[in-house]
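Q: I have a structure open and want to learn how to read its features. Where should we begin?

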Amino acid sequence: MMRATCIGVAALTIASAAMAETVAITGGTVHTMTDAGAIEGGTVVIQDERIAAVGVDVRIPPGARIIDAAGKVVTPGLMAPHTTLGIEEISLEPKSLDYGLDGERFGAAFSVAEAINPRSNLIRETRRQGVTRAVVAPSYRSHPLTELLDGAVAGQGAVIHLGSTDDFVIRNPAGMYFIYGETGAEISGGARGGALLRLREALDDAMDYSQNRSAWEQGDRRAFYVHRLDLEALQPLLRGEIPLVVKAERASDIETMVRLATDYGLRLVILGAREAWLVADTLATAGAGVIINPVENTPASFESMASSLKNASVLHAAGVRIAFTIDTADDSHNQPNIRQLAGNAVAHGLPYEVALRAITTGPAEIFGVDYGRLAAWQDADVVVWDGDPLEVTTYADHVFIRGREIPMESRSTLLFERYRSLDFEYPPAYRH
Amino acid sequence: MNQWIRRMYAGCLLAGLVVLWGCASDQDDSHVAFASTYEPLPSAPTVIRNATILTGTGERIEEGSLLMMDGRISAVGRDVTVPDDVVEIDGTGKWVTPGVIDVHSHLGNYPVFKADSTQDGNELSDPNTAEVWTEHSVWTQDPGFVMALAGGVTTLQILPGSANLFGGRSVTLKNIPRRSVQAMKFPGAPHGLKMACGENPKRVYGTLRERAPTTRMGNVAGYRAAWIAARDYLDKQEAAANGDGEAPLRDLKLETLAGVLKGEILVHNHCYRGEEMAVMLDIAKEFGYKVGTFHHAVEAYKVADLLAEQGTCAAMWADWWGFKLEAFDMVRENIALVDAAGACAMIHSDSDIGIQRLNQEVAKVMAAANRRGMNIAREHAVKWFTLNPAKSLGVDAQTGSLEPGKMADVVLWTGDPFSVYTLAEKVYIDGALVWDRNDARYQPKTDFELGLVEIEGEGQ
């Protein structure tokens with residue numbers, strides 16, 4: 001859509017309903033997520049796809065649509081660091097799921113990006129509630145009848161924005177996903193060592209391949225464990241262009257992965273990370289990013305005995321970059337609740353700005369994407385909230401993604417309108 | 001024992017409905033199997049002063065005082081006369097509500113620690129396991145009980161899972177971890193019967209086990225066949241009590257179902273879709289029982305008028321949806337819409353994480369509804385996690401609101417309980433301090449957690 005507006009008049013007329021425009025959001029508390037901090041009574045000017053200006057004394061371009069945000073709060077669109085948006089509709093309906101293979105083959109070459117459906121109902125429900133960017137991640141696919149041996153390397157994730165049906169993939173690949181810990185063991189033959197040996201073998205193969213590609217193509221190398229596309233897919237990881245995103249909970253599992261990442265010179269992100277606070281210094285030293293659900297405090301299994309509500313605040317105090325996810329179980333229907341997680345993290349000791357970063361700039365930095373600040377030339381993903389965005393009584397009033405205001409109507413709001421009154425003359429199906 | 005129970009049931013029936021309830025909530029149930037041995041913890045007379053009090057009856061008292069004496073609410077109001085030697089708690093800037101009640105928990109039967117060997121919530125051997133009592137699965141050392149306590153939960157119902165058409169009997173507990181489940185059982189609380197509509201039974205039996213039910217119509221045939229058998233069992237018991245024929249051999253499955261037909265056991269029915277709830281209400285009419293509460297009830301807003309008409313409650317989430325197709329039609333205002341239609345509406349968790357902050361879940365619904373102009377005040381919304389769940393469990397005469405004479409099940413919050421930043425500071429059950437955020441002596445730790453994790457430098 002955005003590309004179309006740049007091309008010509010014909011495209012403009014077709015696209016007019018959804019066109020970018022000039023908008024000035026005035027008078028709100030603006031969380032810039034930059035050194036400028038939070039600005040009271042600030043103005044955010046959006047021009048086409050980008051932010052034109054942010055500040056108190058900002059010239060409002062003539063003809064701009066004014067949104068009065070007095071008493072409201074303005075933030076960047078939130079970024080969800082771990083989702084199945086666009087590759088999931090209903091968790092228990094397998095035909096609606098595209099996040100994983102059943103483990104028939106090594107998964108490094110498996111990519112979610114091309115299967116993403118930007119028209120997904122989940123995306124529409126999610127973005128109207130202020131989440132405008134997401135990491136879409138692969139996962140293992142559990143099937144009761146399949147004995148998995150090769151499920152631990154799940155494949156490549158992508159970063160998307162939720163604002164349009166074309167040109168929505170921002171970075172692909174964005175990360176290589178590896179399932180470690182109890183689940184990784186289960187899908188690798190029954191022990192953590194199984195997952196590790198497959199990963200190491202594949203990395204060794206990929207390193208050998210990168211140095212001896214033509215010899216390999218001529219059949220002049222030893223037999224590799226993985227296929228050509230997997231070998232190719234592992235190259236950006238080995239070059240440090242994308243992180244290894246590891247699902248791991250136990251402190252010792254995290255330490256193992258830090259060692260492995262060091263051995264191979266990999267960038268590391270730990271996902272889940274319930275016991276991460278026990279090894280916070282190790283993670284800080286390694287420069288690893290950590291994606292957690294900060295309210296997961298239950299000793300849910302042998303690998304998460306030390307789960308704690310202080311996970312987020314201890315990690316932050318050690319200097320670890322954190323991001324918050326609601327989804328560590330391949331169900332992305334409630335991504336907007338990442339801000340409730342951030343609020344709860346504040347209730348348990350995390351500084352407010354850090355909590356807000358964990359759902360904006362934090363995910364962006366972990367995946368190496370320039371996003372999450374309200375500043376000139378940034379993509380205009382902007383949300384106007386009717387109050388404190390971390391508060392459970394707050395909802396989004398306006399959501400912009402790359403300068404386009406997102407419709408607030410959805411299946412859920414239509415159902416509400418239909419059934420708000422049960423005084424039917426004709427049945428509900430006639431009310432639309 | 002058999003003779004005793006039969007006589008008691010017969011007595012209730014002959015004496016009519018009013019006395020029937022008297023029998024069902026008879027405090028002296030020591031003759032009943034697995035009777036409650038619950039005793040309140042020792043408590044000192046305590047007054048909380050100068051707090052914002054939401055009574056659970058629709059009232060909001062600013063700068064109010066709450067007096068607890070002998071385990072009971074003694075007085076609530078702006079001007080409360082307090083005797084000497086009472087523990088004084090300064091509630092300035094803080095809020096007080098009745099204890100949080102969750103009608104849908106699996107703590108103890110699906111404990112927070114999810115080992116293969118702790119999965120005791122679904123008896124998967126048959127689609128009708130009305131004979132099982134989930135209290136026999138409850139692991140009292142589940143750390144989840146304490147986590148729920150830290151979220152202000154004073155009473156909770158543990159339900160069998162939803163794999164079966166009839167999952168078995170539920171149990172209502174006072175949230176104090178103890179050595180036996182009997183010592184946690186809410187005294188006088190009726191049993192519940194867990195039933196399940198929709199996808200779960202047909203998936204668990206039809207899809208995974210290739211036996212009935214494989215469809216929703218199969219589900220319904222299963223319920224009806226069971227009620228026919230229960231009615232027959234009850235008729236024979238009654239006839240025998242009147243000297244007409246032999247009493248049938250005691251049958252645990254039919255005994256539970258007959259308990260529902262007699263109004264002694266409350267039906268808690270897992271059901272998502274509107275038309276399925278309408279069908280379940282008709283089954284209840286056909287066999288002469290009442291559906292107490294629909295659980296999950298994602299589409300309750302579509303049939304809220306039917307629920308109001310039948311006096312059936314609905315227990316719902318704030319925003320869960322999409323994890324299965326029957327949960328597709330979520331609206332965030334569900335609880336508010338059911339409430340506005342005049343039915344008894346409430347939050348529930350079905351989650352060991354969600355149960356720790358049911359106040360926040362209610363806040364989300366209240367705010368969503370108010371954006372639609374529904375104008376719901378905090379003093380009203382508080383009922384969705386206090387008085388209405390007490391009604392659903394049949395314990396609203398004893399708890400669920402701050403009224404003189406009721407059990408002193410109380411939460412002192414650090415601030416507005418409808419804020420994400422607020423935490424339960426002190427929790428009282430029957431007037432006894434059972435949780436204190438600022439005093440480690442009142443932060444219980446289950447056996448399971450003792451010495452489990454070695455944390456260097458933590459002194460644990």
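**Reading the model, feature by feature**

A: Begin with enclosed space: the structure holds ten cavities of 30 Å³ or more. Keep in mind that this is a predicted model.

Q: How is empty space found, and how much of it lies in the second largest cavity?
A: Rolling a probe the size of a water molecule over the atoms shows where empty space is left. In this model, the second largest cavity holds about 90 Å³ of space. Its lining has 13 residues. Closest to the centre are Pro336(A), Asn337(A), Arg339(A), Thr394(A) and Lys364(B).

Q: What classes of residue make up the lining of the second largest cavity?
A: Five are nonpolar, four are polar and four are charged.

Q: Now pockets. How much space lies in the second largest pocket, and which residues are closest to its centre?
A: The space comes to about 1200 Å³. The second largest pocket is lined by 38 residues. Ser307(A), Ser308(A), Leu309(A), Met147(B) and Glu449(B) are the closest to its centre.

Q: Which elements give two or more residues to that lining?
A: They are α3 (144-150) and α10 (358-371), both of chain B. The largest share, three residues, comes from α3(B). By class, the lining of the second largest pocket divides into 18 nonpolar, 14 polar and six charged residues.

Q: Next, helix packing. At what angle do α5 and α6 of chain B pack?
A: Two packed helices are described by the angle between their axes and the distance between the axes. Here, helix α5 (residues 216-241) and helix α6 (residues 252-261) of chain B pack at about 85 degrees, with axes 9 Å apart. Angles of 65 to 115 degrees count as roughly perpendicular, so α5(B) is roughly perpendicular to α6(B).

Q: Which residues of α5(B) and α6(B) meet?
A: From α5(B) come Ala226(B), Trp227(B), Ala229(B), Ala230(B), Arg231(B), Tyr233(B) and Leu234(B). They meet Leu254(B), Glu255(B), Leu257(B), Ala258(B), Val260(B) and Leu261(B) of α6(B). The residues of this contact divide into eleven nonpolar, no polar and two charged.

Q: How do α5 and α9 of chain A cross?
A: Helix α5 (residues 192-211) and helix α9 (residues 251-264) of chain A cross at roughly 10 degrees, and their axes come within 12 Å. Angles under 35 degrees count as roughly parallel, so α5(A) is roughly parallel to α9(A). On the α5(A) side, the contact includes Leu196(A), Leu199(A) and Leu203(A). On the α9(A) side, it includes Met257(A), Leu260(A) and Tyr264(A). This contact has seven nonpolar, one polar and five charged residues.

Q: How many disulfides are there over all chains?
A: A disulfide is a covalent bond between the sulfur atoms of two cysteines. The count over all chains is two. One of them joins Cys197(B) to Cys271(B), at 2.2 Å from S to S.

Q: Is that disulfide left-handed or right-handed?
A: The torsion about the S-S bond of Cys197(B) and Cys271(B) is about -90 degrees, so this disulfide is left-handed. The pair links distant parts of the chain, 74 residues apart. Cys197(B) sits in the loop between β9 (192-196) and α4 (199-209) of chain B, and Cys271(B) sits in strand β10 (residues 266-271) of chain B.

Q: What should I look for in the backbone?
A: Most residues other than glycine have a negative phi, and most peptide bonds are trans. Check the exceptions. Asn172(A) and Pro173(A) are joined by a cis peptide bond, with omega about -5 degrees. Pro173(A) lies in strand β9 (residues 169-179) of chain A. Another cis bond runs from Ala212(B) to Pro213(B), with omega near 0 degrees. Pro213(B) is in the loop between α4 and α5 of chain B.

Q: Where is Met33(A), and what is its phi?
A: Met33(A) is in the loop between β1 (22-31) and β2 (38-47) of chain A. Its phi is near 60 degrees, a positive value in a residue other than glycine.

Notes. Residues numbered from 1 in each chain as written. Chains lettered and ligands numbered in written order. Predicted model: local features only at pLDDT ≥ 70, side-chain atom pairs only at ≥ 80, totals over all residues. Heavy atoms only, no water. Axes fitted to C-alpha atoms, helices over the stretch in contact; angles between N-to-C directions. Helix = DSSP H or I, 4+ residues; strand = E, 2+ residues; numbered from the N terminus. Parallel < 35°, antiparallel > 145°, perpendicular 65-115°, else oblique. Contact = heavy atoms within 4.5 Å. Nonpolar A, V, L, I, M, F, W, Y, C, P; charged D, E, K, R; others polar. 1 Å grid on protein atoms, 1.4 Å probe; cavity = no way out; pocket = protein on both sides within 12 Å on 5 of 7 lines; lining within 4 Å. Points joined across faces, edges and corners; volume = space filled by probe spheres on them. Disulfide = S-S within 2.5 Å.
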